[in-house]
Amino acid sequence: MKLHTINIPPHACPRPRLNRRTGGVYYPRNYNLWRTRAKAAMKQLNLEPITDPKMPLFVRVDFTLKGIIASLHIKKPDLDNLLKAFVDVLVDCGLIPDDRQICRITTTKDTCGAGYEESISFGYGPILAVH
């Protein structure tokens, strides 16, 4: 599987907020802006979408965040919230039909150290042999 990289800082998916006047649910503005930036960066890669809605999928995502030294990142944001935000963008871009098709995930959260940029490297594809 080929890995692709978008050079934007990873962002965690926050809890939805409740609008007390209307009773509707919404996400904070900064999260919506991040999703827009992430979708634009992914569309520039011109990746081949997976169109079969019944195909089991594998996703690999490596998040690189700012840190003092390159190492594993054990602080917030939580890895599961980073992953949720990224998978939502995969679906929004049309690269995968639905996140329920993802049967295997490999993901990491590291720091990049001084002088390097935050980024998200990822790959996705069909699971060719289901045991």
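Contact here means heavy atoms within 4.5 Å. The model on screen is predicted.

Start with α2, residues 79-92. Select its buried residues: Leu82, Leu83, Ala85, Phe86, Val87, Asp88, Val89 and Leu90. Which elements do they pack against? They meet α1, β4, β5 (102-111) and β6. Next, pick the C-alpha atoms at the two ends of α2, which are 20 Å apart. This agrees with the expected span, because 14 residues at 1.5 Å a residue should give 20 Å. Just after the helix, select Gly94, where phi is positive, near 80°.

Now widen the selection to the largest nonpolar core, which has 30 residues. The residues with the most contacts inside this core are Trp34, Met42, Val61, Phe86, Ile120, Phe122 and Tyr124. At least two core residues come from each of α1 (29-43), β4 (57-65), α2 and β6 (119-126). The largest share, seven residues, is supplied by α2. In soluble globular proteins, nonpolar side chains tend to be buried together.

Centre the view on Val61. Beyond its neighbours within four places in sequence, Val61 is in contact with Leu83, Phe86, Thr106, Thr107, Thr108, Ile120, Ser121 and Phe122.

Finish with the cysteines. How many disulfides does a search of the whole structure find? The count is zero. For Cys13, the nearest cysteine sulfur belongs to Cys93 and is 15 Å away. Is Cys13 buried or exposed? Cys13 counts as buried because its relative accessibility is 9%, under the 20% cut-off. Select Cys103 for the opposite case: with a relative accessible area of 53%, Cys103 is exposed.

Technical notes: Residues are numbered from 1 along each chain as its sequence is written. This is a predicted model: local features need pLDDT of at least 70, side-chain atom pairs count only at pLDDT 80 or more; totals for chains, interfaces and linings use all residues. Side-chain values use heavy atoms; hydrogens and water are left out. A disulfide is a pair of cysteine sulfur atoms within 2.5 Å. Buried means under 20% relative accessible area, exposed over 50%, partly exposed in between (1.4 Å probe, protein chains only). A nonpolar core is a set of buried Ala, Val, Leu, Ile, Met, Phe, Trp, Tyr and Cys residues joined through side-chain atoms within 4.5 Å. Helices (H or I, at least four residues) and strands (E, at least two) are DSSP runs, numbered from the N terminus. The expected span of a helix is 1.5 Å times one less than its number of residues.
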